[in-house]
Amino acid sequence: AARHLEAAARLMTSAALKTAADYITLSQGSVAPLGEWMTVSAPARIDLAGGWLDTPPICYEAGGMVINAAVLVDGKRPIGARVRRIAEAKLVLSVEGGVTVTCSELDQIRDHDNPAAPAALLKSAFLALNLLSVDPAAPPLS
């Protein structure tokens, strides 16, 4: 039974990525200098009503309304991400807990739809934003 649930999770992840791509647009901005870190942070969220109705793919396909509150933890925004541009043609993904995944070929990103794969959510984010593609016709990471 677990095998079937894992297969279903992979299909749902792929479907969510395809749906999200229809609603995300990026505009060309300035290129960050090599080596410079960019940092974003966000407050935690407490759902009061509606639960996860505002998350893909539900919100894209059926709409969704929630009531929530943004909260700080110990006076700080506990959710965040950091990114920097490096000279090498590779994607280095680090997640909490010390796990680091280095992708220097597109084949190393193809497991993005496997929830058990290291950094699967981060890989999916890059694909959903069309920053990368696992299409065989896509150019290499270089």
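Here's a quick briefing on the chain shown above, starting with its overall build and moving on to particular residues. Keep in mind that this is a predicted model. The chain has 142 residues, and 18% of them count as buried. Its secondary structure comes to three helices and six strands.

**Overall build**

- Reading from the N terminus, you'll meet the elements in the order α-β-β-α-β-β-β-β-α.
- If you lay the C-alpha trace along its principal axes, it spans about 45 × 45 × 35 Å.
- The chain exposes about 10,200 Å² of surface, and carbon and sulfur atoms supply 59% of that area.
- Take the contacts between residues at least 6 apart in sequence: 58% of them join residues at least 24 apart.

**Salt bridges**

- How many salt bridges does the count come to? The count is three.
- Let's begin with Arg45 and Asp47, whose closest N and O atoms are 3.1 Å apart in a salt bridge. Arg45 is partly exposed, with a relative accessible area of 38%, and Asp47 is partly exposed too, at 30%.
- Next up, Asp107 and Arg110 meet through their side chains in a salt bridge of 2.6 Å, N to O. Asp107 is exposed, with a relative accessible area of 53%, because anything over 50% gets that label. Arg110, at 34%, is partly exposed.
- Then there's Asp111, which forms a salt bridge with Lys123, with 2.6 Å between the closest N and O atoms. Asp111 sits in the loop between β6 and α3 while Lys123 sits in helix α3, so this pair ties together parts that are twelve residues apart in sequence.
- Is Lys123 buried or exposed? Lys123 is buried, with a relative accessible area of just 2%. Its partner Asp111 counts as partly exposed, at 25% relative accessibility.

**Rings and a charge**

- Searching the whole structure for aromatic pairs turns up zero.
- Which residue lies over the face of Trp37? That's Arg82, at 3.8 Å from the ring centre.

**Positive phi angles**

- Some background first: most residues other than glycine have a negative phi.
- Asp74 has a phi near 55°, which is a positive value in a residue other than glycine. You'll find Asp74 in the loop between β3 (67–71) and β4 (79–84). With 77% relative accessibility, Asp74 counts as exposed.
- Ala119 has a positive phi as well, near 60°, and it isn't a glycine either. Look for Ala119 in the loop between β6 (99–103) and α3. Ala119 counts as buried at 10% relative accessibility, because buried means under 20%.

**Two buried residues and their contacts**

- Ala44 is found in strand β2, which covers residues 44–49. Ala44 is buried, with a relative accessible area of 17%.
- Leaving out residues up to four places away in sequence, what does Ala44 touch? Its contacts are Ala69, Ala70, Val71, Pro78 and Ile79.
- Here's another link across the sequence: Ala44 and Arg77 are 33 residues apart along the chain, and their C-alpha atoms are separated by 6.8 Å.
- Asp113 lies in the loop between β6 and α3. Asp113 is buried, with a relative accessible area of 13%.
- Again leaving out residues up to four places away in sequence, Asp113 touches Ala9, Arg10, Thr13 and Ser14.

**A nonpolar patch on the surface**

- Which residues make the nonpolar surface patch of about 270 Å²? They are Leu26, Leu129 and Leu131.
- Leu129 lies in the segment after α3 (120–128). At 31% relative accessibility, Leu129 counts as partly exposed. Patches are made of residues with over 30% relative accessible area, so that value matters for Leu129's place in the patch.

Technical notes. Residues numbered from 1 in each chain as written. Predicted model: local features only at pLDDT ≥ 70, side-chain atom pairs only at ≥ 80, totals over all residues. Heavy atoms only, no water. Patch = residues over 30% accessible without salt bridge, like charges linked within 9 Å, V, L, I, M, F, W, Y side chains within 5 Å. Areas by Shrake-Rupley, 256 points an atom, 1.4 Å probe, with all protein chains shown as cover. Salt bridge = Lys/Arg side-chain N within 4 Å of Asp/Glu carboxyl O. Helix = DSSP H or I, 4+ residues; strand = E, 2+ residues; numbered from the N terminus. Buried < 20%, exposed > 50% of the residue type's maximum accessible area, 1.4 Å probe, protein only. Phe/Tyr/Trp six-rings, centres within 6.5 Å; stacked < 30°, edge-to-face > 60°. Lys NZ or Arg CZ within 6 Å of the ring centre and 35° of its normal. Contact = heavy atoms within 4.5 Å.
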